[in-house]
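I opened this model to look up its helix packing and its nonpolar cores. My entries follow.

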Amino acid sequence: MVSDYHVVLVAAGEGTRLGQRTRKAAVPLAGRPMVIHSLEAATAHPSCRSAALVVHPGDLPAAKDWLQQFDSAAVPVEIVVGGDTRRASVLAGLAAISAAGGDLVAIHDGARPLLHPDDLARVLDRASHSRAALLASPVTDTLHRLDRQHRWHQRVDRDQLWQAQTPQVFELDSIRQALSGSGAEGTDEVEAVACRGLDVEFVEPQHPNPKVTTVKDLDAAEALFRRSE
């Protein structure tokens with residue numbers, strides 16, 4: 001059984017590599033701002049109770065208009081201004097959530113609009129038992145480490161290397177304490193929680209869950225949306 005959960009949707013970045021005039025959150029995808037697709041995907045499970053949409057300060061007025069296109073009236077959404085770093089933005093989102101400390105919070109990237117409901121359910125189910133889990137994929141490419149002159153140095157063993165995705169799901173009190181504690185600066189959510197002694201389980205997605213970073217990524221996401229129609 002999946003525990004009650006809340007969403008922190010992080011969409012405060014500039015998105016300069018997309019080459020758009022607007023920030024990444026507002027980039028149109030399949031007729032709507034990309035961030036709305038990501039928000040709907042992350043809140044799609046019936047156990048979702050609320051969400052915090054964390055945006056760039058310059059996007060605060062527009063965010064209210066974006067939510068007019070949010071197709072899930074059952075989930076209340078709080079708009080929050082993000083910080084200068086991802087950690088600061090996540091903490092701002094966590095502060096906006098009114099929930100029991102033992103509830104789960106799913107931290108999701110505003111630039112991952114293709115999260116599949118089956119993968120969301122799987123990572124939420126795992127986190128409901130372990131209190132910490134994320135979607136991630138094992139590294140399959142051959143990896144090489146270079147020296148400072150960009151020359152080959154050694155091959156990297158990939159057997160235990162995984163690429164982190166989102167959502168990353170934690171017990172609310174655990175992630176708040178992990179990111180607020182001394183020494184948390186510069187660490188991501190998984191590392192911060194793991195360093196406090198909590199085991200974090202990795203769940204491999206069964207469907208594409210790419211992060212839209214470049215123009216090619218955006219084109220690929222558009223194609224995937226058309227394919228799913």
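**Helix pair and cores**

I looked up H3 and H5 first and found them oblique to each other, because their angle falls in none of the roughly parallel (under 35 degrees), roughly antiparallel (over 145) or roughly perpendicular (65 to 115) ranges. This is a predicted model, where local features need pLDDT of at least 70 and side-chain atom pairs pLDDT 80 or more, while totals for chains, interfaces and linings use all residues. Numbering runs from 1 along each chain as its sequence is written, and side-chain values use heavy atoms, without hydrogens and water.

Helix H3 (residues 86-95) and helix H5 (residues 172-180) pack at about 140°, with axes 10 Å apart. I took axes as lines fitted to C-alpha atoms over the stretch in contact, with angles from 0 to 180 degrees between N-to-C directions. For contacts (heavy atoms within 4.5 Å), I listed Arg87, Val90, Leu91, Leu94 and Ala95 in H3 against Leu172, Ile175, Arg176, Leu179 and Ser180 in H5.

Next I checked the largest nonpolar core (buried Ala, Val, Leu, Ile, Met, Phe, Trp, Tyr and Cys joined through side-chain atoms within 4.5 Å; buried is under 20% relative accessible area, with a 1.4 Å probe and protein chains only). It has 31 residues, and Leu9 is among those that touch the most other members. H1 gives the most, 5 residues. A second, separate core of 22 residues includes Val90 and Ile175.

Last, confidence: mean pLDDT (the predictor's confidence in each residue, from 0 to 100) is 91 for the protein chain, and 95% of residues reach 70 or more. Among the elements, helix H7 (residues 215-228) has the lowest mean, 86.

Terms used: Helix = DSSP H or I, 4+ residues; strand = E, 2+ residues; numbered from the N terminus. Buried < 20%, exposed > 50% of the residue type's maximum accessible area, 1.4 Å probe, protein only.
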